[in-house]
Amino acid sequence: MSAVLLNVNGIEVIYNHVILVLKGVSLQVPEGKVVALLGGNGAGKTTTLRAVSNLLAGERGDVTKGSIELRGERIEKLSTSDMVERGVVQVMEGRHCFAHLSIEENLMTGAYTRRDGKAAVAQTLEKVYNYFPRLKTRRNSQAAYTSGGEQQMCAIGRALMANPKMVLLDEPSMGLAPQIVEEVFEIVKDLNTKEGVTFLLAEQNTNIALRYADYGYILENGRIVMDGAAKDLRENEDVKEFYLGMGGGGDGNPRKSFKDVKSYKRRKRWLA
Ligand SMILES: Nc1ncnc2c1ncn2[C@@H]1O[C@H](COP(=O)(O)OP(=O)(O)OP(=O)(O)O)[C@@H](O)[C@H]1O
Ligand SMILES: [Mg+2]
């Protein structure tokens with residue numbers, strides 16, 4: 001058993017003082033693991049990641065209930081840069097690269113909090129290039145003219161430049177061709193096993209996320225409706241039907257979510 005790195009305990013998040021989005025979300029991320037946060041559009045995945053990395057304030061969002069602990073330390077009141085100092089970095093949805101900067105300049109912006117000197121930073125840059133050889137060949141290209149896959153790699157690479165313990169990765173597969181998605185996830189797994197980086201990744205692509213994650217949580221409408229070891233979720237009939245696109249409703253009507261299934265509600269007490 002690994003120690004718990006991140007403990008999210010019953011958090012409620014409200015935007016603009018009125019829009020209740022997370023309705024008591026709890027999850028744990030063990031040190032050295034890859035945990036997937038799954039769910040469809042608007043389920044609250046990005047909001048959960050923002051709550052952890054303290055990016056909510058910029059969105060007029062607040063954690064109004066519950067607690068978030070990193071290695072036992074309460075972190076809800078910290079700033080994003082406090083989080084970076086503690087080794088937690090978020091890669092935002094939509095792979096935000098600076099379009100007018102080169103790939104290498106983009107990567108270097110990720111090192112701004114480093115205080116261990118130029119040589120150490122240069123070493124990390126080489127490491128990033130080792131993991132992402134595509135970035136090395138494109139190092140002098142302006143980010144605007146690189147492919148979607150290269151931009152996603154650049155966004156992850158930039159996060160790595162901070163030397164993080166934990167990376168919050170929001171929707172890495174978005175808009176990428178299946179082969180590139182596979183390549184990105186292979187690198188994530190490598191970083192996890194070889195560098196010991198812990199990942200919490202938000203994904204709509206349940207299939208790929210459960211193949212690379214150790215554990216998964218399924219979020220629907222601001223609540224966790226199911227969680228388990230990734231291999232158990234992959235085998236679960238309801239997950240297969242709703243999230244892996246296998247099987248049908250049986251009654252001719254495709255079922256859209258766990259909520260629509262009465263027998264499921266009876267089986268799963270937490271929905272009561
Ligand atoms: N800044 C904001 N202000 C108000 N409401 C917001 C804000 N950001 C998100 N929301 C709302 O919160 C809910 C959850 O959004 P969130 O972005 O967390 O979902 P998501 O699971 O990441 O979805 P997606 O897969 O589409 O990225 C949605 O209903 C969304 O409209
Ligand atoms: Mg999102």
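Four bridges join strand β3 to strand β9 (residues 215–220), and the two strands run parallel; within this pairing, V35 stands opposite Y215 of β9. The model described here is a predicted one, and this report follows β3 outward, from its pairings to the sheet that holds it and then to the helices packed on that sheet.

With strand β8 (residues 198–203), β3 forms five bridges, again in a parallel arrangement, and here L37 stands opposite A202 of β8. The two pairings of β3 are set out below.

| Partner of β3 | Residues of partner | Bridges | Direction | Opposite residues |
|---|---|---|---|---|
| β8 | 198–203 | five | parallel | L37 and A202 |
| β9 | 215–220 | four | parallel | V35 and Y215 |

Strand β3 itself spans residues 34–38, and five of its five residues are buried. Both of its faces are covered, with V34, A36 and L38 buried on one side and V35 and L37 buried on the other.

The wider setting is an open sheet of six strands, in which the order is β6-β7-β8-β3-β9-β10 and the pairing is mixed. Strands β6 (88–91) and β10 (223–229) stand at the edges, each with a single partner strand, so one side of each is left without a neighbour in the sheet. From one strand to the next, the twist averages 15°.

Two helices pack on this sheet. Helix α6 (residues 148–160) touches β6 and β7 (166–170), and its direction makes about 165° with that of β6. Helix α7 (residues 178–195) touches β3, β7 and β8, and the direction of α7 makes about 155° with that of β8. Strand β7 is thus named among the contacts of α6 and also among those of α7.

How are the two helices placed with respect to each other, in angle and in distance between their axes? Helices α6 and α7 pack at an angle of about 15°, with their axes 10 Å apart. Angles under 35 degrees count as roughly parallel, and α6 and α7 are therefore roughly parallel to each other. The crossing in which α6 passes α7 is right-handed.

On the α6 side, the contact is made by G149, Q152, M153, I156 and L160, while α7 contributes I180, E183, V184 and L191. Sorted by character, the residues of this contact divide into six nonpolar, two polar and one charged.

Conventions
Residues numbered from 1 in each chain as written. Chains lettered and ligands numbered in written order. Predicted model: local features only at pLDDT ≥ 70, side-chain atom pairs only at ≥ 80, totals over all residues. Heavy atoms only, no water. Buried < 20%, exposed > 50% of the residue type's maximum accessible area, 1.4 Å probe, protein only. Pairing = 2+ DSSP bridges. Axes fitted to C-alpha atoms, helices over the stretch in contact; angles between N-to-C directions. Contact = heavy atoms within 4.5 Å. Parallel < 35°, antiparallel > 145°, perpendicular 65-115°, else oblique. Left-handed = near helix turned anticlockwise from the far one by under 90°. Nonpolar A, V, L, I, M, F, W, Y, C, P; charged D, E, K, R; others polar.
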